[in-house]
Amino acid sequence: QLQLVESGGGLVQPGGSLRLSCVASGMTLDYYIISWYRQAPGEEREVVSCISASGGMTNYVDSVKGRFSISRDNAKNKVDLQMNDLKPEDTANYYCAATFQPRVRFVQGQCPPDKEAEAWGQGTQVTVSS
């Protein structure tokens, strides 16, 4: 069974940076779209970014464009989310999710529906506060 584990969260001041990692075990990520989601207390879960299986295409929610960057290293079975110029509104628990691309193709400008995800990580907390 594919399993995902996130890491890299923490407490950071506004304007600071964090790099989140999503590492897979059980199966290679070579054929999976990886999406990053976040959820703050009392808020609905929202997709932040996603990356195609090959890494050739990426999508970002408007609120993080220009600040966040998603990347992957399939040889290491890992997907990272570099988060720069962090803002208090970025505070949330961040999750990664894997979607089998042969079943759900990557579409430029959109991320896969969360219902299509094959696996989810347990989350890593990001807190942006002075």
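## A walk through the sheets, core and ring pairs

Start with the open sheet of four strands, ordered β1-β3-β8-β7 and paired in the antiparallel sense. Strands here are DSSP E runs of at least two residues, numbered from the N terminus, and two of them pair if DSSP finds at least two bridges between them. Colour β1 (3-7) and β7 (68-73) next: they stand at the edges with a single partner strand each, so one side of each has no neighbour in the sheet. From one strand to the next the twist averages 15°, with axes fitted as lines to C-alpha atoms and angles running from 0 to 180 degrees between N-to-C directions.

Before you click further, keep in mind that this is a predicted model, where local features need pLDDT of at least 70, side-chain atom pairs count only at pLDDT 80 or more, and totals for chains, interfaces and linings use all residues. Residues are numbered from 1 along each chain as its sequence is written, and side-chain values use heavy atoms, with hydrogens and water left out.

**Stop 1: β1 against β3.** Select β1 together with β3 (residues 18-25); the two pair in the antiparallel sense over five bridges. To find the register, pick Ser7, whose bridge partner in β3 is Ser21.

**Stop 2: β4 and its two partners.** Now show residues 32-39, strand β4. Seven of its eight residues are buried, so the rest of the structure largely encloses this strand. Buried means under 20% relative accessible area, exposed means over 50%, and partly exposed is in between, using a 1.4 Å probe and protein chains only. Add β9 (residues 92-100), which pairs with β4 in the antiparallel sense over eight bridges; Ile34 has Ala98 as its bridge partner there. Then add β5 (residues 46-51), also antiparallel to β4, over five bridges. On that side, Arg38 bridges to Glu46. Follow the chain through the hairpin of β4 and β5, which has six residues between the strands, and you meet Gly42 with a positive phi near 80°.

**Stop 3: the nonpolar core.** Switch to side chains. The largest nonpolar core has 27 residues, and Leu4, Trp36, Leu81 and Tyr94 touch the most other members. Such a core is a set of buried Ala, Val, Leu, Ile, Met, Phe, Trp, Tyr and Cys residues joined through side-chain atoms within 4.5 Å. The elements giving two or more residues to this one are β3, β4, β5, β7, β8 (78-83), β9 and β11 (124-128). Centre on Leu81 and expand the selection, skipping its neighbours within four places in sequence: its contacts (heavy atoms within 4.5 Å) include Leu18, Leu20, Trp36, Val48, Phe68, Ile70 and Tyr94. Polar residues turn up as well, among them Arg19, Ser49 and Ser69.

**Stop 4: three loop residues.** Thr28 is in the loop between β3 and β4 and is partly exposed, with a relative accessible area of 34%. Its side chain makes a polar contact with the side chain of Asp30 at 3.0 Å. A polar contact is a pair of N or O atoms within 3.5 Å; within protein, one must be able to donate a hydrogen and the other to accept it, and residues adjacent in sequence count only if both atoms are side-chain atoms. Try a distance label from Thr28 to Val48: they are 20 residues apart along the chain, and their C-alpha atoms are separated by 23 Å.

Now for some backbone angles. Most residues other than glycine have a negative phi. Asn77, in the loop between β7 and β8, has a positive phi near 55° and is buried at 14% relative accessible area. Asp85, in the loop between β8 and β9, has a positive phi near 50° and is partly exposed at 41%.

**Stop 5: the ring pairs.** A search of the whole structure finds two aromatic pairs. Rings of Phe, Tyr and Trp (its six-membered ring) pair if their centres lie within 6.5 Å; planes under 30 degrees apart are stacked, over 60 edge-to-face, and the rest tilted. Select Tyr32 and Phe100: the ring centres are 5.3 Å apart and the planes at 50°, so this pair is tilted. Tyr32 sits in β4 and Phe100 in β9, 68 residues apart. Tyr32 is buried at 6%, while Phe100 is partly exposed at 29%.

Finish on Tyr37 and Trp120, with centres 4.8 Å apart and planes at 50°, so tilted too. Tyr37 lies in β4 and Trp120 in β10 (residues 119-120), so the pair ties together parts 83 residues apart in sequence. Tyr37 is buried at 5% relative accessibility, and Trp120 is partly exposed at 29%.
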